[in-house]
Amino acid sequence: MKIGIEHYLILSAILFCVGLFGVIARRNLLIILMGVELMLNAGNLALVAFSRFNGNLDGQLMVFFTITVAAAEVAVGLALIVSIYRWFKATGSDDLTFMKL
Amino acid sequence: MEGILFYIISAIAVLCAVMVVANPFSKNPITSALFLVVTIISLAGLFVLLNAFFIAIVQIVVYAGAVIVLFLFVLMLIDLNEEQKRRIKFASIISGLIGAGAMIYVITFALCKSAFSFVSRNAIEGSPSALGNAFFSRGEFLLPFEVVSVLLLVSICGAIYIAAKDKNKL
């Protein structure tokens, strides 16, 4: 059985939409961040599949940058969550209504 | 052989991704973090199937080794009992399904419309030496590579500053 690029792209689309569902539906900030991680990983998979079936390494170089940016994003995002929890004792996105007049 | 491996690994990845965002058995975020580890390791397996060996190792080291540990550290600092009682609202499930369904419709529509002309003619290996040559000998990715290191430094300093308790002592 031959696995083409379409299989990988459809798998990447499914993973992206699962992550998007998590970002929209869940109210816990940590789960939202995990959903963002899933979406970034789905993008990585599509880039590596393009790199493999196109026959050059540019897609994998881009994945390298994506992984770095995702690590930076997680570090800053988790620091923000710790800071929010320290001030408001809450990690739900529904509870953060302090800017409401 | 490759087809069987692809289907097994992708089934594991999709199942565990669903368990990350919508676990019907427990609302504990630690369970979600551990399922995220399984998803990431299975994605590393898919990278090995795609001949991207260095990216697979980096995926395991950075995600399963660093990002998940960071998640678990933060989960230890936070009182999770309150989170267990939180219910997922019906309206947010509906809106999430609509959003994700619209997205997957758009992507599959675009995939059906596009014809991929390139076939797998020369399967190159993404070994560390090949990636290093592509980074440093061609030169067009050299400046972004250095800028990314500055980005990591800035994010470390920013994370320490944001999460610090007493900002006057920094």
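Me: How many salt bridges does the rule find across the interface of chain A and chain B?
Reply: Zero salt bridges are found across the interface of chain A and chain B, a salt bridge being a side-chain nitrogen of Lys or Arg within 4 Å of a carboxyl oxygen of Asp or Glu. This is a predicted model, in which local features need pLDDT of at least 70 and side-chain atom pairs count only at pLDDT 80 or more, while totals for chains, interfaces and linings use all residues. Side-chain values use heavy atoms, with hydrogens and water left out.

Me: And which helices of chain A supply at least two residues each to the side that touches chain B?
Reply: Helix 1 (5-25), helix 2 (29-54) and helix 3 (58-88) of chain A each do so; helices are DSSP runs (H or I, at least four residues), numbered from the N terminus. Helix 3 of chain A gives the most, with 23 residues.

Me: How much area do chain A and chain B bury between them?
Reply: About 7,100 Å², with 78% of it on carbon and sulfur atoms. Buried area is the accessible area (1.4 Å probe) that two parts lose on being put together, summed over both.

Me: Changing topic, at what angle do helix 2 and helix 3 of chain B cross?
Reply: The axes of helix 2 (residues 29-49) and helix 3 (residues 53-77) of chain B cross at roughly 175° and come within 8 Å. Axes are lines fitted to C-alpha atoms over the stretch in contact, and angles run from 0 to 180 degrees between N-to-C directions. Helix 2 of chain B is therefore roughly antiparallel to helix 3 of chain B (angles over 145 degrees count as such).

Note on methods: Residues are numbered from 1 along each chain as its sequence is written. Chains are lettered from A and ligands numbered from 1 in the order in which they are written. Angles under 35 degrees count as roughly parallel, over 145 as roughly antiparallel, 65 to 115 as roughly perpendicular and the rest as oblique.
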